[in-house]
Amino acid sequence: MSEPTAVPRPADTACRSRRQVLHGAGALAGVVVGGGVLAACAEGTDPDRSADDVSTSAAGQAVVALEDVPVGGAVSAEVAGVPVLVTRPAEDEVHAFSAVCTHQGCTVTPGDGVLECPCHRSVFSLTDASVQSGPAPEPLGEIAVEISGADVVVS
Ligand code: FES
């Protein structure tokens, strides 16, 4: 009788790019691990696309309604197929960042006055996405946005 196979826990896994999954050790292991890993990623998004890609390809596109972004908080959104976080540190101050964690690519989510990665607990600032704690090596990529009428738009 064979030993049961360990199932990766969410804290032990991270989103991998398709490239990483395809080049993982063993095709079958890559698919199995990739399937579990990708469940932590936003569905239908491409973690390989950078914030720069969004800034270039989505200029002028509305991201969210300003009223949907709480002052002192953030909301998750998607622009050009990329998961983003729109933050509002102050009434008239908004920012947007790629939600793809710089550690291992999990999707970062709004937290209590911060941005949080659910995989290994990196915490990022609302104002500049700088790393406050955790293993992430760099801030989240910034996407230039501005308030235009009732919306937050890519500038
Ligand atoms: S993927 Fe490890 S902290 Fe985000």
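How many bridges join strand E10 (residues 145-148) to E11? The answer is in the first close-up; keep in mind throughout that this is a predicted model.

**View 1. The hairpin of E10 and E11.** Four bridges join E10 to E11, and the two strands run antiparallel. Zoom in on Glu146 and you'll find its bridge partner in E11, Val153. Two residues sit between the strands of this hairpin. Look at Gly149 in the turn: its phi is positive, at about 65°.

**View 2. E11 also pairs with E1.** Stay on E11 (residues 151-154) and bring in strand E1 (residues 62-65): the two pair in the antiparallel sense over three bridges. One spot to pick out is Ala65, which stands opposite Asp151 in E11. As background, strands of a sheet pair through backbone hydrogen bonds, either parallel or antiparallel.

**View 3. The open sheet E2-E3-E4-E9.** Here four strands line up in the order E2-E3-E4-E9, with antiparallel pairing. The edges belong to strand E2 (73-79) and strand E9 (142-143), each of which pairs on one side only. Inside the sheet, five bridges join strand E3 (residues 82-90) to strand E4 (residues 93-98), again antiparallel. Val84 is a handy landmark, with Ser98 in E4 as its bridge partner.

**View 4. The largest nonpolar core.** This core has 19 residues, and the ones with the most contacts inside it are Val63, Val64, Val86 and Ile143. Which elements give two or more residues to it? They are helix H3 (51-57), E1, E2, E3, E4 and E11. In general, nonpolar side chains tend to be buried together in soluble globular proteins.

**View 5. Who touches Ile143.** Leave aside the neighbours within four places in sequence, and Ile143 still has plenty to show: Ala51, Val54 and Ser55 are among its contacts. Val84 is on the list too, along with Ala96, Phe97, Ser98 and Val154. Two of these names should ring a bell, since Val84 and Ser98 are the bridge partners from View 3.

**View 6. A second core, and two buried cysteines.** Apart from the core of 19 residues lies another one, of 15 residues, with Ala99, Cys101, Phe124 and Ala136 among its members. Is Cys101 buried or exposed? Its relative accessibility is 6%, so Cys101 counts as buried. Cys117 is buried as well, with a relative accessible area of 3%.

**View 7. The open sheet E5-E6-E7-E8.** Four strands make up this open sheet, in the order E5-E6-E7-E8 and with antiparallel pairing. E5 and strand E8 (131-133) are at the edges with a single partner strand each, so one side of each is left without a neighbour in the sheet. Between E6 and E7 there are two bridges, in the antiparallel sense. Leu115 stands opposite Phe124 in E7, and Phe124 also turns up in the core of 15 residues.

**View 8. The one disulfide.** The structure holds one disulfide, joining Cys106 to Cys119 with an S to S distance of 1.9 Å. The pair links distant parts of the chain, 13 residues apart. Cys106 sits in the loop between E4 and strand E5 (109-110), while Cys119 is in the loop between strand E6 (115-116) and strand E7 (123-124). What is the handedness of this disulfide? The torsion about the S-S bond is about -90°, so the disulfide is left-handed. Both Cys106 and Cys119 are buried.

Terms used:
Residues numbered from 1 in each chain as written. Predicted model: local features only at pLDDT ≥ 70, side-chain atom pairs only at ≥ 80, totals over all residues. Heavy atoms only, no water. Pairing = 2+ DSSP bridges. Disulfide = S-S within 2.5 Å. Buried < 20%, exposed > 50% of the residue type's maximum accessible area, 1.4 Å probe, protein only. Core = buried A, V, L, I, M, F, W, Y, C linked by side-chain atoms within 4.5 Å. Contact = heavy atoms within 4.5 Å.
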